[in-house]
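Work through the exercises below with the sequence and the 3D structure at hand. Try each task before reading its solution.

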Amino acid sequence: MTDHRRPPRIAALRYVILIPLGLIWLLPLYVIVINAFKPNDAILTSPFGLSHLSLTPILNALRSPDFNILAGYGVTATLVVLVNVVSVVVCAPAAYVIARRASRAKGIVLMYLFAGAFIPAVVLIIPQVYVLRSVGLMGTIVGLVLVLATVTVPVSMFAYVPFIRSIPIDIDEAAAIDGAGRLRSFWSIVFPLMRPAVVTVCILNTTGVWENFIQPFIILGPGSPWHTVTTAIYGAVGPYQTDYSVVYPNLLLVILPLLIFYLLLQRQLVGGLAGSLKG
Amino acid sequence: MSTVAPSRLRDGVRELGRRRRRGLSSGRSRVLDAALIGLPVAMVTVFTIGPVLLAVYFSLTDWDGFSLTSPFVGLQNYRDVFADASARSAVVTTIEIATACTVIVTCLSLALASMLRRPQSSNSIYRGVFFYPHMIAAIAVGFAWNALLGPHGAINTVAAQLGVGPFPFLLNPTWAVASVVGVITWQSTALGLVLFVSSMQAVPEELYESAMLDGAGPLRQFRWITMPAIAGTVTAVMVLNLAAYLRIYELILSMTQGGPAGSTQTVAYQILSVAYVNDRLGKGTAEAVLLFAATMILSLVIIIARRKGDESE
């Protein structure tokens, strides 16, 4: 809307930069989408062309018995749900206690919970394997969910504690006077008011769990019957990297759900990323 | 001024409530509080802080991966890391990639954000175009670009039909490192772009309009209005991105497998795909501890450097 005041030379320069760069950025998406519908020889002779399109390669990928991406959707979706539930059940009441009763000890607890945010997964994974093995949870979904839910603790506390502080305390006062127990008054009165913060954190957790590779790859292990979307693509494509009629359809299946998720929830997602940076 | 009074009022109400609550709080509710806080504390202790301490401990022992009582070897694992040519080259590669990407991605996302900061619909389409790679798992990004850049990949096929190439994107060590830097740039410009745009949109448009009336061009507007306003976000994005680049693993695994000739092996790749797979756990954990220390130190360096830069203005 302020464009008309801009000198035309700069407006032109803007498009000279943006259009080619944008095309480069879209190139992989275009190549993945069209080649997911082409047999190998058509990909090899004309990777950008639109001829010889067929549904066979993508149907092969959908029906593939090993490292099936559709089965991966199921495992990853289960992980997403379990990690979000554990994360909310563990973090929201704790954030409530910390937010409502400020004290030096609680400040230290909060710092302790934030500390994990800066430690790379690759540093933690080998000792985590040792810990999981000692308690008999190595190779199990339960162990993986606990590790992934722990990853969500810093961001959750970071979002929930200030949010609960912005909810007037009179609200839980009123609930306490009506005789509701502390936990019940939290879940029935405070928690519903926290919805915007919970939704934001769950969206960030969901993309995090969906894209995660190291933890499911190592904790579930190569012999596991469980494959997430990311470990399935590694198993499906890794050994056949030169057979592009396997590579492209599997890639399309892997990237599609999260791209749709982005299109549907882009405002919350971008807002969540910006919000998680403040402070 | 008008916002101060209600917030003070709210603090007062809150303080009153707090006092009343304290009077009410019984021993039972304290136990409940402790239990509620105890859950996340226990998880973080068992799966984050504990493992960091274990990593430091294991890095000082000849660890077999199973027992806590492996023989203590002091700093031998660290000496092994520094004596190992492939570990040294992984450190150099990681630092090269992380430095190049931090510089390129910061500049590119700043440039794109200042071009796309206004909320018009064409800009939001461009923002989507530059953001979508953020929504693709790194392991898939690596496979996709391998299929594009490989010797029989899409780009070399078309180049051959046009009579140029072949380009050794993944076959020549220098090209391979540059390709990795390019792909990381493609994927991670997204984060800086959206975060810079959201903090640029908080800058009042009148500032730009009056600067334009005073004859300041886009570059001077960027230098004297945009940069000071978003300095904190720039620091935060640089630290976040750098930390991510230092632990690059999945992309290497799917795009180059560390090759050619180990030229794209990063520290994280060596820890998981060399040390862990070959049961060289003492050395692997030593590398992990060094990686953690390097992440912390470099992040601090960026924060201090940026703070100094801001003060000198």
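Helices are DSSP runs of H or I with at least four residues, strands are runs of E with at least two, and both are numbered from the N terminus. The model used here is predicted.

**Exercise 1. The fold of chain B**

Task: State how many helices and strands chain B has, and give the pattern along the sequence.

Solution: Begin with the count, which for chain B is 13 helices and 0 strands. Then read along the sequence: the pattern of chain B is α-α-α-α-α-α-α-α-α-α-α-α-α.

**Exercise 2. Inside and surface of chain B**

Task: Find what percentage of the residues of chain B count as buried, and describe its contacts and its exposed area.

Solution: Chain B has 313 residues, and 53% of them count as buried. Next, take the contacts in chain B between residues at least 6 apart in sequence; 67% of these join residues at least 24 apart. Last, turn to the surface, where chain B exposes about 14,500 Å². Carbon and sulfur atoms supply 67% of that exposed area.

**Exercise 3. Where chain A meets chain B**

Task: Describe the contact between chain A and chain B by its residues, its buried area and its polar links.

Solution: Step one is to count residues: 96 from chain A and 98 from chain B take part in the contact. Step two is the area, about 8,700 Å² buried between the two chains, with 75% of it on carbon and sulfur atoms. On the chain A side, A:Trp25, A:Ile126 and A:Tyr130 supply 10% of the area buried against chain B, more than any other three residues. Step three is the polar links: the rule finds 0 salt bridges across the interface, while 8 residue pairs are in polar contact between chain A and chain B. Step four asks which element gives the most to the side of chain A that touches chain B; this is helix H1 (residues 8–35) of chain A, with 16 residues. By type, the residues of that side divide into 73 nonpolar, 10 polar and 13 charged.

**Exercise 4. One residue in a loop**

Task: Locate B:Gln265, decide whether B:Gln265 is buried or exposed, and list what B:Gln265 touches.

Solution: B:Gln265 lies in the loop between helix H11 (250–255) and helix H12 (267–276) of chain B. Its relative accessible area is 16%. The cut-off for buried is under 20%, so B:Gln265 is buried. Leaving out residues up to four places away in sequence, B:Gln265 touches B:Ala90, B:Thr93, B:Gly258, B:Gln270 and B:Val274. With B:Gln270, the side chain of B:Gln265 also makes a side-chain polar contact of 2.9 Å.

How values were computed: Residues numbered from 1 in each chain as written. Chains lettered and ligands numbered in written order. Predicted model: local features only at pLDDT ≥ 70, side-chain atom pairs only at ≥ 80, totals over all residues. Heavy atoms only, no water. Buried < 20%, exposed > 50% of the residue type's maximum accessible area, 1.4 Å probe, protein only. Contact = heavy atoms within 4.5 Å. Areas by Shrake-Rupley, 256 points an atom, 1.4 Å probe, with all protein chains shown as cover. Buried area = accessible area lost by both parts, 1.4 Å probe. Salt bridge = Lys/Arg side-chain N within 4 Å of Asp/Glu carboxyl O. Polar contact = N/O pair within 3.5 Å; in protein donor to acceptor, adjacent residues only side chain to side chain. Nonpolar A, V, L, I, M, F, W, Y, C, P; charged D, E, K, R; others polar.
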